[in-house]
Amino acid sequence: MWYHRLSHLQSRLQNLLKGGMTCQALQQPNFKSLFPVAIHWHHTASRSLNCVWQQLEDHFELQYADTVMRFDYVWLRDHCRSASCYNSKTHQRSLDTASVDLCIKPKIIRQEETTLFFTWPDGHVTRYELDWLMKNSYEGQKQKVIQPRILWNAEIYQQAQVPSIDFQSFLETNEGLKNFLQNFLLYGIAFVENVPATQEHTEKLAERISLIRETIYGRMWYFTSDFSRGDTAYTKLALDRHTDTTYFQEPCGIQVFHCLKHEGTGGRTLLVDGFYAAEQVLQKAPEQFELLSKVPLKHEYIENVGECHNHMIGVGPVLNIYPWNKELYLIRYNNYDRAVINTVPYDVVHRWYTAHRTLTIELRRPENELWVKLKPGRVLFIDNWRVLHGRESFTGYRQLCGCYLTRDDVLNTARLLGLQA
């Protein structure tokens, strides 16, 4: 009996729609009374907006700008930007999220041009622009990149002819600083030329864009190959490509290098775009990319030299990604400092080694290696979350100074200059 009645009502509804009945008419009491259960209808805006939406039992669905988006009702109430829920001067939420009913549903949803209005059970009205919902939806974010980058191998970088920035322009003009930061954000490395070959001038350069990060190596570090610290970097040996401070819970964001003096041969610096290599893995072996982004590893630094006694442990996967769009934001790759793998069961370990080998092959391809000679007056900034560095062995006396910078401050400086970071 109920089946025949429902079929009859569906047939009647189709006839009414063919006759041009509006969505508002469907909501009138005399029409709603025909239905023993609640049914939610599609609402269509003008064709020029290409917008269709519907109120479902547990979420709101919106199709706009060729994207289908789904919004939880609690989310819609929590993100209200009305004066009582959000302080537009401080850009902070005023609404107590814990006070929102987890079963909340809007009583009425209506649309005016490009704005949707949600009326909640207590009478509060939330309004959203369609473009705002598109920008802030999960589905919209999946299509966006947090930080635009140019992935490179040696040929791509050399053909780009990325200019270095002059020391005075870097220090004294916003244009010079902005050009430097744009290069750094896009490529993960940037150079400043004509810097006086002193630790003091190197420090002044670094402070132009960030606070200097204090670490176990001090604020500004200065070293030669005297093995004064328990690290291979303090020798004349070659160093394979790696990222620094993988044994920190948060690896240092930016590294600054300035070769103050070298009386000898060799010692060229190796640079490899880790994100470029990882992208090759993603294209060729996506399941291995996925594994490298999920398996947590320990990295450690054990030092007992002179008065320096440290045992630091950092934990994280080799590849760190934003889960919603798979965008890579940090690579931890340091075969020197990787600790015993005891964080995953045996049946995962071999698959991890296979994936690690695939990434290593990409990182070691000769065409991906950019070799540069550091010399007095040329300062190199490296994105330690992206670009791996190493060096060839050398002879003679070599002095380097440098420091680590706090990543947030560098990115903030870029944003203040109008760059996307």
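H91 counts as exposed, at 59% relative accessibility, since the cut-off for that class is over 50%. This value, like the others below, comes from a predicted model. H91 sits in the loop between β5 (86–87) and β6. Its backbone stands out as well: phi of H91 is positive, about 60°, although H91 is not a glycine. Most residues other than glycine have a negative phi. A second residue of this kind is A65, a non-glycine residue with a positive phi near 55°. A65 belongs to the loop between β3 and β4 (67–72). With 40% relative accessibility, A65 is classed as partly exposed, because that class lies between the 20% limit for buried residues and the 50% limit for exposed ones.

These two loops are part of a protein with 14 helices and 24 strands. Of its 421 residues, 47% are buried. Among contacts with a separation of 6 or more, 70% are between residues 24 or more positions apart.

The buried part of the protein can be followed through its largest nonpolar core, which has 29 residues. Within this core, the residues with the most contacts are F170, F180, L181, I209, F381 and L405. Helices and strands both contribute: the elements that give two or more residues are the helices α8 (167–172), α9 (174–187), α10 (199–207) and α14 (407–416), and the strands β11 (189–193), β15 (254–263), β22 (379–383) and β24 (397–405). The largest share, five residues, is supplied by α9.

F180 serves as a point of entry to this core. The residue is located in helix α9. At 1% relative accessibility F180 counts as buried, because the limit for that class is under 20%. Which residues does F180 touch, not counting those up to four places away in sequence? They are I165, F170, A190, F191, V192, I209 and F381. Of these partners, F170, I209 and F381 are also listed with F180 among the residues that have the most contacts inside the core. For A190, the separation from F180 is ten residues in sequence and 6.6 Å in space, taken from C-alpha to C-alpha.

Charged side chains provide another set of links. A search of the whole structure finds 20 salt bridges. One of them joins the side chains of E57 and K105, with an N to O distance of 2.4 Å. E57 is in the loop between β2 (51–55) and β3 (59–64), and K105 is in the loop between β6 (92–93) and β7 (108–112), so this pair ties together parts that are 48 residues apart in sequence. K105 is partly exposed, with a relative accessible area of 35%.

Another salt bridge is formed by the side chains of E203 and R219, at 2.3 Å from N to O. Here a helix is tied to a loop: E203 lies in helix α10 and R219 in the loop between β12 (212–213) and β13 (220–223), so parts 16 residues apart in sequence are held by the pair. R219 is partly exposed at 29% relative accessibility. Helix α10 also appears among the elements that give two or more residues to the largest nonpolar core.

The side chains of E250 and R213 meet at 4.0 Å, N to O. This pair links distant parts of the chain, with E250 in the loop between β14 (239–242) and β15, R213 in strand β12, and the two positions 37 residues apart. E250 is partly exposed, with a relative accessible area of 48%. Beyond these pairs, D240, R241, R364 and E369 are linked in a network of salt bridges.

What remains is the empty space inside the protein. Rolling a probe the size of a water molecule over the atoms shows where such space is left. How many cavities of 30 Å³ or more does a search of the whole structure find? The search finds two. The largest cavity has a volume of about 40 Å³. Its lining consists of L297, H299, V318, R332, Y333, N334, N335, R338, W352 and H356. The elements that give two or more residues to this lining are β17 (297–305) and α13 (346–363). By residue type, the lining of the largest cavity divides into four nonpolar, four polar and two charged residues.

Conventions: Residues are numbered from 1 along each chain as its sequence is written. This is a predicted model: local features need pLDDT of at least 70, side-chain atom pairs count only at pLDDT 80 or more; totals for chains, interfaces and linings use all residues. Side-chain values use heavy atoms; hydrogens and water are left out. On a 1 Å grid over the protein atoms alone, a cavity is a set of points where a 1.4 Å probe fits but cannot get out, and a pocket is an open set with protein on both sides within 12 Å along at least five of seven lines; lining residues have an atom within 4 Å of a point. Grid points are joined across faces, edges and corners, and a volume is the space filled by probe spheres set on the points. Helices (H or I, at least four residues) and strands (E, at least two) are DSSP runs, numbered from the N terminus. Ala, Val, Leu, Ile, Met, Phe, Trp, Tyr, Cys and Pro count as nonpolar, Asp, Glu, Lys and Arg as charged, and the others, Gly among them, as polar. A nonpolar core is a set of buried Ala, Val, Leu, Ile, Met, Phe, Trp, Tyr and Cys residues joined through side-chain atoms within 4.5 Å. Buried means under 20% relative accessible area, exposed over 50%, partly exposed in between (1.4 Å probe, protein chains only). Contact means heavy atoms within 4.5 Å.
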